[in-house]
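User: I am new to this structure and would be grateful for a close look at one helix and its setting. Please then relate that part to the sheets found elsewhere in the chain.

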Amino acid sequence: MLSPEHSIAQELNIQTKQVQTTIQLLDEGATIPFISRYRKEMTGSLDEVQVAAIRDRMQQLRELDKRKDAVLKSITEQGKLTAPLEAQIRAVATMSALEDIYLPFKPKRKTRASIAREKGLLPLAEVLLAQDIRQIQSHAKAFVDVEKGVDSIDQALAGARDIVAEIINEDADVRNTVRRVLEKKGKFVCRVVAGKEASAQKYRDYFEWSEWIKDAPSHRVLAMRRGEKEELLHLDIAIDEMDVLPQIEKKYIKSVGEVADQLRLAAQDSYKRLLKPSMETEMRVITRQKADDEAIRVFAENVRQLLLAAPMGAVSLIAIDPGFRTGCKTVVLNDQGNLLENTAIFPHNGSGGEAEAQKKLMHLVSKYHVGAIAIGNGTAGRETETFVRKLSLSIPIVMVNESGASIYSASEVAREEFPDHDITVRGAVSIGRRLMDPLAELVKIDPKSIGVGQYQHDVDQHKLQGALDDTVVSCVNAVGVELNTASKQILAYVSGLGPALAQQIVNYRRENGPFTSRKELKKVPRLGAKAFEQSAAFLRIRQAKHPLDASAVHPERYALVESMAKDLKATVQDLLRDAQLRQQIDPKRYISEEVGLPTLHDILAELAKPGLDPRDEFEQFSFTDGINSIKDLRVGMRLPGIVTNITNFGAFVDIGVHQDGMVHLSQLADRYVQDPREVVKVQQKVEVTVMEVDEQRNRISLTMKTGDSKPRKQPDRSERQPEKRNDRSNNSKKQQSEVGDLATKLAQLASKFK
C-alpha cells in the first residue's frame, strides 16, 4: 500500500521528497506564495499550482482516512470486522470504493430484504445463491408460515429474491461494473416539462436533447441542471440495461432451471429497483462535481486576469459615474486615490445642462491638474464619453468596467472609507480607483460580483470561495503591496497576515506614522516571527532605510546580498544601480546548505529590477465613435473591443454598445483553437468583425478572424452568456446564449431523420 505522499507524487509526476517537504511546510503554517517563491531549494522549485495541488490532494486523502476510521469503528462495533476486511478497507484509494465496501454493513432503514429476513427467509435466499438444488418450489414450501406473513410458496420465493437483490446491490464489484458502464455508455437525456414550453424558451435547445455523459461539457451540464432546478426541464441519466444485466447474471447465475430463473428475476429487480437509481444518483453527483470544478477553474482564471489587468498608476484624475436623468456623479481623486472634491453634472439634460457641465468639468481639470478621466461603462456611459471627448482635452479618457461597483458602494467597506458620502460618490470613487490600480480596488468586492463567471451561482459555493481566495492571494502576492499606503482589505490577502493582522498594521500606521523599514513590522501587536517570515518579502516600502525593503528579496537573505556587495567592494545600493557590477557576481560562490541556484537567480533578477510590477503596461483604448448601441451595428463592421469574459466555448467582447458580443471558439483565430485562453485574456484589447446582429434577442455574433468573415448561424442557446449584469444600469443585460457543440447537434439531427 502506497503512502499518501507517494500516491500524490505519482499523480503529479514529481518526487516523493518534494511532496513530503511541501506538506511539512504547509502543516507548519507556510503559505503557498511563500513556499513557491522562498523555499525553492526545499521543494525542488514547485510552483503555486503544484503546491496547491499537493495541499488539496492531501486534504482529500486525510478526509478519506478519517472516513476509513469511522467505517472501521462502525463495523467493529457490529462485531463483523475481520483482518482481511480491515486490510481491504485500509487499501482503498477512493471514497466511492470505500462506501461500496461499507454498504452491506451500513445501518439501514427497513427494506424489503430486511422484512424478508425477519420472516426467516434468509436460508432460502442462501439456497438460491448456492444453486445446489434444481427443484426450488418444493424446497420453498418449508418456508411457508402464515403466522410470519408468508402465505404461499410464491411469497417465500419473492422474499428470498428481495434478499438476493439487496446482496447484489451491495456487491462492490457489481457496483463498480455499473459505474464503469455509466461512465462509458451513459447518456444525459433532457426534455422540456410539459406545458412550460413558453417559459422555458431560454432552454429550448434542450427540449429534446441527449448526449454521452463522458462528452458533456461543464457549461451544458450546469445549464441542464439549472433548467431542472427551475422546474422547466426533466433531466435523466439513461443506460441500456443490456450493457449491465448480462454482466450481473454472469457473476451470479451458474446453473439452469428453476433456481437460475429465480436468480435472473432477482438480478433484474436489483438492477431496476436498487442499483440503477443508486448509481444514477452517484453519477449525478460525480458529473456535478466535475462540472463545478471546470466552471470554478474558468471563473478563477478570469478573475486572475481581471485582477492583474494593467494599472494606469498614480495619477490625479476625474471619475464619472454616468447617468441620464439623475446626472453624472463626478469626483476628483489625487494620485493616491484620495477624494478631493465631488459634484454632479447634467450633460444630457438639454443644451443648458451640457454647457454648465462643460464649464464645471473644465474648471475641475484646471484646478486639480487632472491627468486622466475615468468614465463608468454603465447607463449613459458612451454618451458621457462622447460629451467629454468634445472638450478636446489632451489627457486620456478611459471607459472603465463598473461591474460590482454598486455592491462596493453599499458595502461596509465603503461606508467605513466614506462615512459622510452617499453611495453615488462611493461608486464614482471606485470607478476612478479601478483605473489607477484594478487589483487594489477589486479586492474590496466579492469576486463573484465582478462579472467574469460561468454559472458561479450554480456551483459548490465552498469550493468556489476557496478557489477565489487562492486566486486573490496569488495575485496580491505576485504584485506585492505598498506597506504604507495599502488598505486593510488588500493587506489581508498578503501571505501570513489575514484580516486581524491587517487591521493591526493599519492601526500601527495611523498611530506611529509610515513604516521606515520591514523590521518595524515586528513592533506591530500580535505580528509574531512566523507572520513576519511569511509576509515581509511581499510588503514594499519605498524610500526605506534599507534599499532592499522596496524589493522582493526576503529579509532573511539581506546578509547574503550584503556579502555580495562587500566582495565587490561596493554597497547594496551600488548593486541596484550598476548592471556591470551585478554581472561580476558568480552565484555559484554563494551556494550553501540553505541557498541554492534557484534562490540566487531570483535574487539577481530582483536586484536588476527591484519591486518590478509584473502587470502589463497600461495602454489607452477607445471605442469607435458613433457606435453606441446595438442599433448602430452593421454586419461586416470592424470594431475595437475589450475581452470581458472567457468561457470554454469562446469569449465575450465589449464593443461599446451596452451588450457584449460573442466570439465563438471557432472564430477566435484563423487557426484551430482548442482553448480560448491560447488566444485571449480578460481585459485584452482586440479587433472584431460583426457577423450577425439580433436586436430582438439582444445578441451579437463577432469574429476575430482576419480572413473572410461570413455571417454564420446564430449560436445555440445551450451556450448562454455567463451570469453577468451591469448592476449600475436600470436596464439589466439579457443573458447571452452559449454556443452549442455543432457535432452533437448534427448527430441529433441525423438520428431524427434516420
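Analyst: In this predicted model, A559 and K566 are exposed on one side of helix α26. The helix spans residues 558–567, and its buried residues are Y558, L560, V561, M564 and A565. These buried residues lie on the same side of α26, because they cover an arc of only 165° around the axis. A general property of helices helps in reading such a pattern: an α-helix has 3.6 residues a turn, so residues three or four places apart point the same way.

What do the buried residues of α26 pack against? Their partners are two helices, α27 (572–577) and α29 (597–608). The exposed residues A559 and K566, by contrast, are on the other side of α26. Just after the helix, the backbone at K569 adopts a positive phi of about 55°.

The strands may be taken next. In general, strands of a sheet pair through backbone hydrogen bonds, either parallel or antiparallel. One set of five strands forms an open sheet with mixed pairing, in the order β6-β5-β4-β7-β8. At its edges stand β6 (339–345) and β8 (397–400); each has a single partner strand, so one side of each is left without a neighbour in the sheet. On average, neighbouring strands of this sheet are turned by 20° against each other, direction ignored.

Within the open sheet, β7 (residues 372–376) pairs with β8 in the parallel sense over four bridges. I373 is found opposite I397 of β8. Helix α20 (residues 423–436) lies across β4 (317–321), β5 (328–333), β6, β7 and β8, and runs at about 55° to β5.

Another five strands close into a barrel, again with mixed pairing, in the order β11-β12-β13-β15-β14. From one strand to the next, the twist averages 50°. Here β13 (residues 661–664) and β15 (residues 699–703) pair in the parallel sense, over two bridges. V663 has L702 in β15 as its bridge partner.

Finally, the cysteines deserve a word. How many disulfides does a search of the whole structure find? The search finds zero. Two cysteines can nevertheless be placed by their accessibility: C328 is buried, with a relative accessible area of 0%, and C475 also counts as buried, at 0% relative accessibility.

To return to the helix requested, α26 has buried residues on one side, within an arc of only 165°, and these pack against α27 and α29.

Conventions. Residues are numbered from 1 along each chain as its sequence is written. This is a predicted model: local features need pLDDT of at least 70, side-chain atom pairs count only at pLDDT 80 or more; totals for chains, interfaces and linings use all residues. Side-chain values use heavy atoms; hydrogens and water are left out. A disulfide is a pair of cysteine sulfur atoms within 2.5 Å. Buried means under 20% relative accessible area, exposed over 50%, partly exposed in between (1.4 Å probe, protein chains only). The arc is that of the directions from the helix axis to the C-beta atoms. Contact means heavy atoms within 4.5 Å. Two strands pair if DSSP finds at least two bridges between them. Axes are lines fitted to C-alpha atoms, for helices over the stretch in contact, and angles run from 0 to 180 degrees between N-to-C directions.
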